[in-house]
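Thanks for coming. I will talk through one structure this morning, and you can follow along on the screen.

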Amino acid sequence: QAKHGDVVKVSTRMKLSESPVAVFEHVATRGGDDLKLVTASLKAVAVDSAGQATRVPPDVLAHFRSLKV
């Protein structure tokens, strides 16, 4: 567990595809010893202006894939 004053690091990994669904995986660790505190997964759906599920545009995919973090 972490306590008040501890540094907590959250790392996020994105799983992108051309489908409307993207998955974001998160891991929170305590700074100093990298003890894993919690993990989470989030599914996000791309929608168009009418609220309908739509494929992620190629330029958006290219942008996120180009990020080196």
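D33 is partly exposed, because its relative accessibility is 44%, and partly exposed covers values between under 20% for buried and over 50% for exposed. Please keep in mind that this is a predicted model. The side chain of D33 takes part in a salt bridge with R30, where the closest N and O atoms are 2.5 Å apart.

Next to D33 in the sequence is D34, which sits in the loop between β2 and β3. Its phi is near 55 degrees, a positive value in a residue that is not glycine. As background, most residues other than glycine have a negative phi. G32 also takes a positive phi, near 95 degrees, in the hairpin of β2 and β3, which has four residues between the strands.

D34 also appears in the surroundings of T29. T29 belongs to strand β2. Setting aside residues up to four places away in sequence, T29 touches V7, V8, K9, D34, L35, K36 and L37. Is T29 buried or exposed? T29 has a relative accessible area of 10%, and the limit for buried is under 20%, so T29 counts as buried.

Now the sheet. Three strands make up an open sheet, ordered β1-β2-β3, with antiparallel pairing. The edge positions are taken by β1, residues 8-15, and β3, residues 35-45; each has a single partner strand, so one side of each has no neighbour in the sheet. From one strand to the next, the twist averages 20 degrees. In general, strands of a sheet pair through backbone hydrogen bonds.

Let me take the two pairings in turn. How many bridges hold β1 and β2 together? There are eight, and the two strands pair in the antiparallel sense. A hairpin connects β1 to β2 through five residues. Across this pairing, V10 stands opposite A28 in β2, and S11 has V27 in β2 as its bridge partner.

On the other side, β2, which spans residues 21-30, is joined to β3 by ten bridges, and these strands also run antiparallel. Here V23 has K43 in β3 as its bridge partner, while E25 stands opposite S41 in β3.

E25 brings me back to salt bridges. The count for the model comes to three. One of them is the R30 and D33 pair from the start of the talk. Another joins R13 to E25, with the closest N and O atoms 3.7 Å apart. That pair links distant parts of the chain: R13 is in strand β1 and E25 in strand β2, twelve residues apart. E25 also meets K15 in a salt bridge, at 3.2 Å from N to O. This pair, too, links distant parts of the chain, with E25 in strand β2, K15 in strand β1, and their positions ten residues apart. Taken together, R13, K15 and E25 are linked in a network of salt bridges.

How accessible are the members of that network? R13 has 51% relative accessibility, and the limit for exposed is over 50%, so R13 counts as exposed. E25 counts as partly exposed because its relative accessibility is 27%. K15 is also partly exposed, because its value is 37%.

The last item is on the surface. Which residues make the nonpolar surface patch of about 290 Å²? They are M14, V60, F64 and L67. L67 lies in the segment after α1, the helix at 58-66. L67 is partly exposed, because its relative accessible area is 43%.

To go back over the main points: the sheet has three strands with antiparallel pairing, R13, K15 and E25 form a network of salt bridges, and M14, V60, F64 and L67 make a nonpolar surface patch. That is what I have for this one.

Terms used: Residues numbered from 1 in each chain as written. Predicted model: local features only at pLDDT ≥ 70, side-chain atom pairs only at ≥ 80, totals over all residues. Heavy atoms only, no water. Pairing = 2+ DSSP bridges. Axes fitted to C-alpha atoms, helices over the stretch in contact; angles between N-to-C directions. Buried < 20%, exposed > 50% of the residue type's maximum accessible area, 1.4 Å probe, protein only. Contact = heavy atoms within 4.5 Å. Patch = residues over 30% accessible without salt bridge, like charges linked within 9 Å, V, L, I, M, F, W, Y side chains within 5 Å. Areas by Shrake-Rupley, 256 points an atom, 1.4 Å probe, with all protein chains shown as cover. Salt bridge = Lys/Arg side-chain N within 4 Å of Asp/Glu carboxyl O.
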